[in-house]
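User: I would like to go through some of the labels attached to a structure and see how each one is justified.

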Amino acid sequence: MWNCPKVLYLFTVSDFQTLVLPVTVFAYLSAPNTSADRMLCSVFWTWLHLLQFCISNQSIHPKEDSLNKPWRPIPSGLISVNDTRTLRWVLLPLCLFFSVCLEAHWPSISLAIVIIAYNELHMSSHWFLRGFCYAWGNASFNAGALQIAAGQPMMISRTTISIAINSLIILSTIHTQDFRDQVGDKLVGRQTIPILWPKGSRIWILANLVVWSAGLSWACGCTPVSVPFCALGVFIGLRIFRARTTDADKRSYRYYNVWLMVAQVIHIPGIATTL
């Protein structure tokens with residue numbers, strides 16, 4: 001029998017800082033009248049749906065993880081592929097049931113669809129569909145977490161623009177994570193942007209980080225955060241362009257996640273003027 005808490009933790013641990021933390025911060029800042037119990041439900045909802053995605057994703061190409069992330073549950077032998085697939089389909093109705101209880105069923109249904117599209121329908125293998133699914137998923141995560149934190153469905157309309165901007169940021173920059181995973185991606189035949197355009201993809205990231213940093217700072221007005229935020233975007237962009245080893249790309253991705261979290265909250269209504 002597999003160690004349930006350890007296995008569930010290892011399935012999602014690499015995405016805590018890349019998804020759970022920024023989504024939680026976004027929901028908290030966008031719902032100023034939230035309470036501790038609603039935030040706990042929001043965080044758990046986010047993690048549970050992340051678990052659904054990770055289990056689905058990691059059961060599709062386990063050989064890829066044996067190269068890129070051998071510590072994950074399947075390649076490390078903590079759980080079999082068959083057990084993982086069973087757990088994957090158990091989680092789908094569980095997530096929907098929990099979401100209905102919290103009145104966040106539409107974001108949950110949206111995530112269920114995009115998870116199937118990304119993993120089971122193999123849209124992750126094409127660079128554009130991969131980015132589109134990430135943007136779609138990010139919007140669904142933000143909408144669901146915010147709706148639960150706010151405690152009212154109408155709250156979502158107040159931050160529609162912010163959610164849309166977040167999705168565009170993800171769509172145009174998320175392939176930053178693919179630089180570090182090129183060995184495993186080539187193994188499974190995945191066509192990511194860094195594999196298709198090794199040099200151009202790094203120039204693209206540099207340009208996008210600079211443009212988004214400057215654009216968001218301008219749109220939100222001059223604040224004390226603007227200069228360090230722009231400087232961070234330029235630093236990360238130049239680092240990705242110049243440092244091209246696997247270890248360097250892993251470190252650059254960690255820096256990118258810091259920039260991304262700031263970028264995803266800096267334009268929330270009522271936040272920019274207080275920074």
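Analyst: The turns below set computed values of this predicted model against the cut-offs behind the labels.

User: Why is Gln-177 called buried?

Analyst: The relative accessibility of Gln-177 is 7%, and because buried means under 20% relative accessible area, the residue meets that label. Gln-177 lies in the loop between helix H9 (160-173) and helix H10 (182-187).

User: What makes the approach of the side chains of Gln-177 and Tyr-134 a polar contact?

Analyst: The two side chains come to 2.6 Å, which can be set against the limit, a pair of N or O atoms within 3.5 Å. Not counting residues up to four places away in sequence, Gln-177 also touches Arg-130 and Tyr-253.

User: Why is the pair of Trp-127 and Phe-128 called edge-to-face?

Analyst: Their ring centres are 5.9 Å apart, with the planes at 80°; because pairing requires centres within 6.5 Å and edge-to-face requires planes over 60 degrees apart, both conditions are met. The rings of Trp-127 and Trp-197 are likewise edge-to-face, with centres 5.3 Å apart and planes at 85°, and this pair links distant parts of the chain, 70 residues apart.

User: How do you know that Trp-197 is partly exposed?

Analyst: Its relative accessible area is 41%, and the label covers values between the 20% limit for buried and the 50% limit for exposed, so Trp-197 is partly exposed.

User: What makes Arg-244 count as a charge over the ring of Phe-241?

Analyst: The charged end of Arg-244 is 5.0 Å from the ring centre of Phe-241, where the distance limit is within 6 Å.

Methods. Residues are numbered from 1 along each chain as its sequence is written. Side-chain values use heavy atoms; hydrogens and water are left out. Helices (H or I, at least four residues) and strands (E, at least two) are DSSP runs, numbered from the N terminus. Buried means under 20% relative accessible area, exposed over 50%, partly exposed in between (1.4 Å probe, protein chains only). A polar contact is a pair of N or O atoms within 3.5 Å; within protein, one must be able to donate a hydrogen and the other to accept it, and residues adjacent in sequence count only if both atoms are side-chain atoms. Contact means heavy atoms within 4.5 Å. Rings of Phe, Tyr and Trp (its six-membered ring) pair if their centres lie within 6.5 Å; planes under 30 degrees apart count as stacked, over 60 as edge-to-face and the rest as tilted. A charge sits over a ring if NZ of Lys or CZ of Arg is within 6 Å of the ring centre and within 35 degrees of the ring normal.
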